[in-house]
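Visitor: I would like a close look at one part of this chain. Please begin with a single residue and set it among its surroundings.

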Amino acid sequence: FFNRLIPDGQDFYVLGRDDGKATVSRINSAGVLSWTRVLDMPSRLTDGMVVGGSGNMIVVGATTPVDSSNHSLLGEITRQGVFTCLKTLDVPGAEALTRMDRNANGTFSVVGTQSLPGFAQDVFVLNVSPGCLINSKKIISSGGVDNFANDIKVLCNGDFLVAGDYDGRAVMFEFSPTGQYVTGSHNPFNYTYNDIANTSNCDILVVANSLVSAPPIIQRFDADWLPLWEASIVGLQTLNKVVEDGNGNILVTGRALIGGITRTVIIKIDDSNGSPTLSWGGARYLDNNENSFVAGSIAL
């Protein structure tokens with residue numbers, strides 16, 4: 001299956017999995033598969049970003065299963081499908097790299113989780129450069145189980161956000177480029193933040209899924225963390241990804257039960273008037289005799 005889409009010009013890198021092993025594919029603008037590469041180990045790649053200039057893509061993930069024997073993965077692959085490097089990272093406990101984003105100076109911030117023996121799960125952030133170079137590692141730790149590594153986003157001011165949940169409550173934390181805590185926000189209990197997006201005016205969009213089967217929500221904050229609006233998306237099971245399309249529209253992918261089948265849907269929200277009263281632009285889904293969809297990825 002495919003689980004992540006990364007645009008490169010008019011073409012696409014696509015992350016996926018085949019027979020328990022991570023795959024990287026390249027598909028051109030006409031939908032033609034150019035190549036697929038398969039890692040020679042049980043694994044999953046969770047995110048990737050194209051390096052400016054070279055067109056290579058940095059990928060992150062982990063070997064599987066995620067237990068005390070697994071490793072985090074950091075790699076770089078060319079447009080021709082050649083891995084120029086593939087590095088395994090290892091701590092004594094379970095670990096995984098989950099998401100990444102681009103810094104203004106050409107490096108990348110990568111978020112992940114690790115569980116050291118005798119300690120609860122912690123979140124950590126790597127600063128990496130092309131060539132699988134790791135410049136720094138910052139551990140974000142608390143006394144409990146830290147589950148706020150679902151996404152990472154570099155803000156307009158150069159700080160970065162990490163998001164997820166802690167103690168059953170959706171949380172986002174902002175840190176400086178050197179890893180110093182700046183501020184944070186939390187949602188009511190029984191939610192987890194799943195994805196973050198920047199807008200053209202540096203506002204912050206986030207989607208959150210319920211941990212107890214309530215409708216998922218989408219929120220908008222300004223750059224100073226003031227909440228602008230929040231909306232529940234009734235009828236959807238989850239929200240996976242959110243982006244702004246540059247015309248005042250917000251696009252989200254989610255999951256809904258339609259005709260007895262769980263399907264991935266795309267919804268467009270018109271927020272061009274800056275009002276918390278959202279007008280729905282429509283919802284779309286594919287139907288080609290599938291039995292079920294389990295995830296969704298979106299790229300402009």
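Which loop holds Cys 202?

Guide: Cys 202 lies in the loop between β16 (191-198) and β17 (204-210); a strand here is a DSSP run of E covering at least two residues, numbered from the N terminus. Before the details, note that this is a predicted model, in which local features require a pLDDT of at least 70 and side-chain atom pairs a pLDDT of 80 or more, while totals for chains, interfaces and linings use all residues. Residues are numbered from 1 along each chain as its sequence is written, and side-chain values rest on heavy atoms, with hydrogens and water left out.

Cys 202 is not a glycine, yet its phi is positive, at about 75 degrees. Its relative accessible area of 26% makes Cys 202 partly exposed, where buried means under 20%, exposed over 50%, and partly exposed in between, for a 1.4 Å probe and protein chains only. Ser 213 also takes a positive phi, of about 70 degrees, without being a glycine. Ser 213 sits in the loop between β17 and β18 (217-221), and counts as exposed at 76% relative accessibility. β17 thus borders both loops, the one that holds Cys 202 and the one that holds Ser 213.

Following the chain beyond this region leads to a salt bridge, meaning a side-chain nitrogen of Lys or Arg within 4 Å of a carboxyl oxygen of Asp or Glu. In strand β18, Arg 220 forms one with Asp 271, at 2.8 Å from N to O. Asp 271 belongs to the loop between β22 (261-270) and β23 (279-285), and the two residues, 51 apart, link distant parts of the chain. Each partner is buried: Asp 271 has 6% relative accessibility, and Arg 220 has 8%.

The count of salt bridges comes to 7. Another of them brings together the side chains of Arg 79 and Asp 8, at 2.8 Å from N to O. Arg 79 lies in the loop between β6 and β7 (83-89) and Asp 8 in strand β1 (residues 2-8), so this pair ties together parts that are 71 residues apart in sequence. Arg 79 is partly exposed at 36% relative accessibility, whereas Asp 8 is buried at 9%. Arg 26 and Asp 11 also meet in a salt bridge, with an N to O distance of 3.6 Å. Because Arg 26 is in strand β3 (residues 21-27) and Asp 11 in strand β2 (residues 11-18), that pair ties together parts 15 residues apart in sequence. Arg 26 is buried, with a relative accessible area of 7%, and Asp 11 is partly exposed, at 22%. Through shared partners, salt bridges join Asp 8, Asp 11, Arg 26 and Arg 79 into one network.

The loop that precedes β6 has its own backbone feature. Thr 64 and Pro 65 are joined by a cis peptide bond, with omega at about -5 degrees, and Pro 65 is placed between β5 (57-63) and β6 (72-77). On strand pairing, two strands pair if DSSP finds at least two bridges between them. β5 and β6 pair in the antiparallel sense over 6 bridges, and Ala 62 has Ser 72 in β6 as its bridge partner. β5 is also joined antiparallel to strand β4 (residues 33-50), by 7 bridges, with Val 59 in β5 as the partner of Gly 48. In the hairpin of β4 and β5, with 6 residues between the strands, Gly 53 takes a positive phi near 95 degrees. β5 is mostly covered, with 7 of its 7 residues buried.

Elsewhere, an open sheet of 4 strands is ordered β8-β9-β10-β11 and paired antiparallel. Its edge strands, β8 (95-102) and β11 (133-140), each pair on one side only. β8 and strand β9 (residues 108-114) are joined by 7 bridges, and Arg 99 stands opposite Val 111 in β9. Gln 114 also lies in β9 and is buried at 3% relative accessibility. Its side chain makes a polar contact of 2.9 Å with the side chain of Lys 137, that is, a pair of N or O atoms within 3.5 Å, where one must be able to donate a hydrogen and the other to accept it, and residues adjacent in sequence count only if both atoms are side-chain atoms. In strand β10 (residues 122-129) lies Val 123, which is buried at 0% relative accessibility. Beyond four places in sequence, Val 123 has contacts (heavy atoms within 4.5 Å) that include Val 111, Ile 139 and Phe 148.
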